[in-house]
Amino acid sequence: YRKLNRIAFDRLPCDQSFKRVRGNGSRRIAMFSDADCPFCARIEKELLGMTNVTIYTFPFPIDSLHPAAAQKSRQIWCAADRGKAWDEWFQKQKLPDNKGDCANPVAANQQLGEKLHISATPTLVFADGSVVPGALPLAQLEQMLAQAEVEAKAAAK
């Protein structure tokens, strides 16, 4: 399944995401995530254990499931430090003190998700373009990340 629906990682509009770098950030992962999704909260806890990774987070609220998530995503996007604001939301349920009325990619990300056939959160895109929905445990995340890095390097040759 993860290979059938590949997304070219380098074609992702990363300007519609915010970047969090851990360690040297040598490995890459993109994540479509909903601020009110309980599975997203679970994967955020797992991601805390990862090192040497750059995480591109695309705020991707699913309005039908979480009607308040789009507003929360906009407030987080409008914060001075988006990565810190996202982490504070998931760790402390603390939102930035703004109205969420700055220019933001939330609606564009919802359209992007539709175009890429992403319908669940979290959905991960690995460096080799493989797409995996769901909150994976750390060991499985590490394994998939390592495999994707090898495949991405092989494809680049």
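Me: What is the accessible surface of the protein chain, and what share belongs to carbon and sulfur atoms?
Reply: This is a predicted model, in which local features need pLDDT of at least 70, side-chain atom pairs count only at pLDDT 80 or more, and totals for chains, interfaces and linings use all residues. Residues are numbered from 1 along each chain as its sequence is written, and side-chain values use heavy atoms, with hydrogens and water left out. Areas follow the Shrake-Rupley method with a 1.4 Å probe, and for residues only the protein chains shown count as cover. The total for the protein chain is about 8000 Å², and the share of carbon and sulfur atoms is 52%.

Me: In what order do the elements of the protein chain run from the N terminus?
Reply: Helices (H or I, at least four residues) and strands (E, at least two) are DSSP runs, numbered from the N terminus. The protein chain has 5 helices and 5 strands. Their order is β-β-α-β-α-α-α-β-β-α.

Me: Which element gives the largest share of the largest nonpolar core?
Reply: A nonpolar core is a set of buried Ala, Val, Leu, Ile, Met, Phe, Trp, Tyr and Cys residues joined through side-chain atoms within 4.5 Å; buried means under 20% relative accessible area, exposed over 50%, partly exposed in between (1.4 Å probe, protein chains only). The core has 15 residues, with Ile29, Leu47, Leu124, Phe126 and Leu141 touching the most other members. Two or more residues each come from β2 (27-33), α1 (38-47), β3 (53-59), β4 (123-126) and α5 (138-156). The largest share, 4 residues, is that of α5.

Me: Which residues does Phe126 contact, leaving aside its neighbours within four places in sequence?
Reply: Contact means heavy atoms within 4.5 Å. On that basis the partners of Phe126 are Phe9, Arg28, Ile29, Val132, Leu141, Met144, Leu145 and Ala148.

Me: What is the handedness of the disulfide of Cys78 and Cys102?
Reply: A disulfide is a pair of cysteine sulfur atoms within 2.5 Å, and Cys78 and Cys102 are joined at an S to S distance of 2.0 Å. Cys78 lies in the loop between α2 (69-77) and α3 (82-92), and Cys102, 24 residues apart from it, in the loop between α3 and α4 (106-115). The torsion about the S-S bond is about -95°, so the disulfide is left-handed.

Me: Why is Cys14 not bonded to Cys40, and how far is its sulfur from the one in Cys40?
Reply: Cys14 is partly exposed at 25% relative accessibility. The closest cysteine sulfur to that of Cys14 is in Cys40, too far for a bond, at 18 Å.
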